[in-house]
Amino acid sequence: DIISANKANQWSLQGGKVSISGELLEVEEFSLKLEPKLEYSTMISPLSSNDALVLLDLNITDELMLEGIARDVVRAIQQMRKNNDLNITDRINVSLYTDDEKVKNSIVLWGQYIKDQTLSDEIIFSNTNVGLEEVDLEGRILMINISK
């Protein structure tokens with residue numbers, strides 16, 4: 001009876017014990033294991049404490065992609081600041097050039113964030129890449145120049 005009730009998911013927890021088929025099982029008489037439904041089994045895993053399931057959504061939306069690009073731009077500008085021996089408090093102006101529409105859109109959308117993170121007074125798009133340093137943002141090319 002207990003096996004049949006278990007397979008039919010006809011049990012309940014009562015004060016740390018399991019009530020199933022009219023019986024109250026002690027803690028040492030059962031073990032609970034969280035398992036995701038079959039259709040979610042590749043996306044969900046139980047925590048080691050076995051008290052919750054974790055679902056990771058690995059789909060990258062356009063919004064997330066643009067935010068990631070902006071963070072890469074910040075990282076590239078910060079590396080340039082370091083390479084140019086700028087003080088951590090130095091304000092800068094940034095010139096950028098790119099043909100990549102996603103990078104342009106990211107900089108426009110996340111411009112204030114980029115300025116805040118890099119202490120930039122101004123971020124401008126240049127019409128030419130002359131005098132700019134090339135940065136590879138995971139296959140997307142951005143040309144950057146900074147000045148104090």
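A residue is called buried here when its relative accessible area is under 20%, exposed when that area is over 50%, and partly exposed in between. The structure described below is a predicted model, and the account starts from one of its helices before turning to the elements around it.

## Helix α3 and its two faces

In α3, the residues V103, S106 and I107 are buried. These three lie on the same side of α3, because they cover an arc of only 95° around the axis. A general property of helices fits this arrangement: an α-helix has 3.6 residues a turn, so residues three or four places apart point the same way. On the face of α3 that is turned away from its buried side, the exposed residues V108 and L109 are found. The buried residues themselves pack against α2, β6, α4, β7, β8 and β9.

## Helix α2

Helix α2 is made of 22 residues, and the distance from its first C-alpha to its last is 31 Å, which is close to the 32 Å expected at 1.5 Å a residue. Its buried residues are L66, I69, A70, D72, V73, V74, A76, I77, M80 and R81, a list in which the charged residues D72 and R81 appear beside residues such as L66 and V73. Among the elements that cover these buried residues are β6, α3, α4, β8 and β9. Just after α2 comes D85, which takes a positive phi of about 55°.

## Strands β6, β8 and β9

Strand β9 has partners in both β6 and β8. With β6 it runs antiparallel, and five bridges join the two strands; within this pairing, N93 has S147 in β9 as its bridge partner. The pairing of β8 with β9 is also in the antiparallel sense and extends over five bridges. Here E134 is partnered by M143 in β9, while E133 is partnered by I144 in β9. Together β8 and β9 form a hairpin with two residues between them.

In the turn of that hairpin lies E138, whose phi is near 50°, a positive value in a residue other than glycine. By contrast, most residues other than glycine have a negative phi. E138 is exposed, with a relative accessible area of 74%. Another residue with this feature is L119, which has a positive phi of about 55° although it is not a glycine. L119 is placed in the loop between α4 and β7, and it counts as partly exposed at 22% relative accessibility.

## Salt bridges

How many salt bridges does the structure hold? There are seven, and the table sets out three of them, including the distance between the N and O atoms.

| Salt bridge | N to O distance |
|---|---|
| E26 and K17 | 3.2 Å |
| R91 and D121 | 2.9 Å |
| D100 and R140 | 3.1 Å |

In the bridge between E26 and K17, E26 is partly exposed with a relative accessible area of 30%, and K17 is likewise partly exposed, with a value of 26%.

Where do the two residues of the bridge between R91 and D121 lie? This pair links distant parts of the chain, with R91 in the loop between α2 and β6 and D121 in strand β7, 30 residues apart. R91 is partly exposed at 41% relative accessible area, and D121, at 47%, also counts as partly exposed.

The side chains of D100 and R140 meet in a further salt bridge. D100 lies in the loop between β6 and α3 and R140 in strand β9, so this pair ties together parts that are 40 residues apart in sequence. R140 is partly exposed, since its relative accessible area is 21%, a value to be set against the limit of 20% under which a residue would be called buried.

## The aromatic pair

The structure also holds one aromatic pair. This pair is formed by W110 and Y113, whose rings are 5.8 Å apart from centre to centre and have 80° between their planes. The pair is edge-to-face, because planes over 60 degrees apart are counted in that way. Neither ring belongs to a buried residue, since W110 counts as partly exposed at 22% relative accessibility and Y113 counts as partly exposed at 24%.

Key. Residues are numbered from 1 along each chain as its sequence is written. This is a predicted model: local features need pLDDT of at least 70, side-chain atom pairs count only at pLDDT 80 or more; totals for chains, interfaces and linings use all residues. Side-chain values use heavy atoms; hydrogens and water are left out. A salt bridge is a side-chain nitrogen of Lys or Arg within 4 Å of a carboxyl oxygen of Asp or Glu. Buried means under 20% relative accessible area, exposed over 50%, partly exposed in between (1.4 Å probe, protein chains only). Helices (H or I, at least four residues) and strands (E, at least two) are DSSP runs, numbered from the N terminus. The expected span of a helix is 1.5 Å times one less than its number of residues. Contact means heavy atoms within 4.5 Å. Rings of Phe, Tyr and Trp (its six-membered ring) pair if their centres lie within 6.5 Å; planes under 30 degrees apart count as stacked, over 60 as edge-to-face and the rest as tilted. Two strands pair if DSSP finds at least two bridges between them. The arc is that of the directions from the helix axis to the C-beta atoms.
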